Amino acid sequence: MAFELMAPLMFAMLAALLLLGYPVAFALAANGMLFAFAGFELGMLQPELLQALPQRLFGIMSNQLLIAIPFFTFMGIVLERTGMAEDLLDTIGQIFGPVRGGVAYAVIFVGALLAATTGVIAASVIAMGLISLPVMLRYGYDPRLASGVICASGTLAQIIPPSIVLIVLADVLGASVGDMYSGAMVPGLVLVGLLVAYILVVSIARPAAVPALPPEARTLRGAALYRRALVAMVPPLVLIFLVLGTIFLGIATPSEGGAMGAMGAIALALAKRRLTRALLRQAMDQTAKLTTFVMFILIGSTVFALVFRAVDGDLWVEQLFALVPGGAVGFLIVVNLIVFVLGFFIDFFEIAFILLPLLAPVAAKLGIDPVWFAVMIGMNMQTSFLTPPFGFALFYLRSVAPRSIRTSDIYGGVVPFVAVQLLALLLLVAFPGMTDLLDPDRTKKVDEDKVEIRLETPVEDRAADDKAAEDLQKALGGTAPPGGAPKEAPTPPGGAAPATDEDKAAAEIERQLKGPGR
């Protein structure tokens, strides 16, 4: 009975440490080691358990998939520092300026482009909050709608490739990053379309809330506007193709695509004459911090998972979900609720490294596609990051919004966009085939790392071998039993068996090997 309580106590201890504010990585590792030594003292676990730990840690350090995280992080930070967001917002705002809600459309499209290049929520929300929010307020946009569209567009970085979130989910769930990217692209574009549709509905129902830019604000027209659009939009689109296109086409791995993206970001910064020593230092500093953060959490979660499974924690989790009615549907409902609530309080990495390893085996037993499951989790966390009162995107915007914008305006403004994202999540659940549209043959692919080749002798071949052994034995002058094994020749009364030709040949070889005089 005491052994059965180890898993619940271990999970409860982890929750208590996190609520007390201890760093996640150290809480995971300390909790795992504490219960490991407790199990050794109580005789429930064997000390040999920890012999698997060095090999697991080495596996983390040698995981080539994780190399993509610093590459994409560096690329996003460099692009954000080079002013790409400002150029895109200004250009697309000029293009959509004559249309009601034009600046809001520009924010959504720029949010999608930034998501496909930087993949960082904080950078997207802060950049658009600094640039677009004052413009929208100056020309009469509803403060609530302006706040909501900026927060919603910034969170697109969670689901649109090359999202770091998808890389981590692929590693945790054991799926291909390329499959994850192709599976998330269509749901991400559907979400962008729903956001645009909502702004269109608002522009028809409440045109005063999303006015068009006045003529004096539209400084570029005609050929000058087209040239500006080419200069501002072509480089990031080329970079997106270099990163995502090569991964989708199978030309490059995610790590190689990330490396090309990092070099492309440096080339863009150099072309704009904004590449400085200070910029590179800041980008490398933040990249090192994020990468170290991820690696420490991975190491801590590995220690925790090793001990948790040793005390049958995975079986305990499966038994808990077995009590949920509804099978796979009930499992998905409960998982979405848990992830949605946890997204208010803890970061994505904690959810991915603590919760998902416990849920993945249950999802696999229920026959749930890991790519679709990961995209659903990513979209769910994107919604929770937007939901008041604890959504991270709300705090990012609050940090840069002018004092005229009240916190209640930000909270109230995101509510309709939360509803839009929940609608996108429901569409993904209702139509799981969305994740296969770009790669219809994905489920038919064979993972070469999981292929096992087993060769067994057919029954007919075994019978033929037995028959050949029997014929050989008869030819040598003996008899063979029905099973094919030769019978020993009977020993004569004198005690010595008659020498056969084979015995004579063996004796002659042995005499020659010994040589004369031996």
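Which residues does glycine 111 touch, not counting residues up to four places away in sequence? I began my notes with this question, and since the model is predicted, I read every value below as computed from that prediction.

**Entry 1: glycine 111**

I found that glycine 111 touches Met128, Ser153 and Leu156, once residues up to four places away in sequence are left out. Glycine 111 itself lies in helix α6, which covers residues 102-117. I looked up its relative accessible area, which is 0%, so I have put glycine 111 down as buried. I also noted a pair of C-alpha atoms here: those of glycine 111 and alanine 127 are separated by 9.8 Å, while the two residues are 16 apart along the chain.

**Entry 2: the whole chain**

I then stepped back to the overall make-up and recorded 21 helices and 0 strands in the protein. Of its 518 residues, buried ones make up 45%. For contacts with a separation of 6 or more, I noted that 77% are between residues 24 or more positions apart.

**Entry 3: helix α8**

Ser153, one of the residues that glycine 111 touches, is among the buried residues of α8, and this led me to look at that helix next. Helix α8 runs over residues 143-154, and I checked its length against the expected rise: at 1.5 Å a residue its 12 residues should span 16 Å, and the end C-alpha atoms are 17 Å apart, which agrees. How many of the 12 residues of α8 are buried? I recorded 10 of the 12, so α8 is largely enclosed by the rest of the structure. The buried residues are Leu145, Ala146, Ser147, Gly148, Val149, Ile150, Cys151, Ala152, Ser153 and Gly154.

**Entry 4: two helices against α19**

Two packed helices are described by the angle between their axes and the distance between the axes, and I looked up both for two pairs that share α19.

For the first pair, the axes of α8 and α19 (residues 407-430) come within 7 Å and cross at roughly 55 degrees. That angle makes α8 oblique to α19, and the crossing is right-handed. On the α8 side I listed Arg144, Leu145, Ser147, Gly148, Val149, Cys151 and Ala152, and on the α19 side Ser408, Asp409, Ile410, Gly412, Gly413, Val414, Phe417 and Gln421, as the residues that make the contact. By class, the residues of this contact divide into 7 nonpolar, 6 polar and 2 charged.

For the second pair, the axes of α10 (residues 177-205) and α19 come within 10 Å and cross at roughly 140 degrees. I therefore entered α10 and α19 as oblique to each other, and this crossing, too, is right-handed. Pro187, Val190, Leu191, Leu194, Leu195, Tyr198 and Ile199 of α10 meet Pro416, Phe417, Val420, Gln421, Leu423, Ala424, Leu427 and Leu428 of α19. Here the residues of the contact divide into 14 nonpolar, 1 polar and no charged. I noted that Phe417 and Gln421 of α19 appear in the contact with α8 and also in the contact with α10.

**Entry 5: α17 and glycine 391**

Helix α17 takes in residues 370-384, and by the same check its 15 residues should span 21 Å at 1.5 Å a residue; the end C-alpha atoms are 21 Å apart, which agrees. I found 14 of its 15 residues buried, so α17 is largely enclosed by the rest of the structure.

Glycine 391 lies in the loop between α17 and α18 (392-400). Is glycine 391 buried or exposed? At 0% relative accessibility it counts as buried. Leaving out residues up to four places away in sequence, I recorded that glycine 391 touches Ser384, Phe385 and Leu386. Glycine 391 and phenylalanine 345 are 46 residues apart in sequence, and their C-alpha atoms are 8.3 Å apart in space.

**Entry 6: α13 and the loops on either side**

Threonine 287 lies in helix α13, residues 277-310, and with a relative accessible area of 7% I entered it as buried. Neighbours within four places in sequence aside, threonine 287 is in contact with Pro70, Thr73, Phe74 and Ile77.

In the loop between α12 (254-271) and α13, arginine 273 has a positive phi of about 60 degrees although it is not a glycine. Its relative accessible area is 80%, so arginine 273 is exposed. Aspartate 312, in the loop between α13 and α14 (313-322), likewise has a positive phi, near 65 degrees, in a residue other than glycine. I put aspartate 312 down as partly exposed, with a relative accessible area of 33%.

Note on methods. Residues numbered from 1 in each chain as written. Predicted model: local features only at pLDDT ≥ 70, side-chain atom pairs only at ≥ 80, totals over all residues. Heavy atoms only, no water. Helix = DSSP H or I, 4+ residues; strand = E, 2+ residues; numbered from the N terminus. Expected span 1.5 Å × (residues − 1). Buried < 20%, exposed > 50% of the residue type's maximum accessible area, 1.4 Å probe, protein only. Axes fitted to C-alpha atoms, helices over the stretch in contact; angles between N-to-C directions. Parallel < 35°, antiparallel > 145°, perpendicular 65-115°, else oblique. Left-handed = near helix turned anticlockwise from the far one by under 90°. Contact = heavy atoms within 4.5 Å. Nonpolar A, V, L, I, M, F, W, Y, C, P; charged D, E, K, R; others polar.
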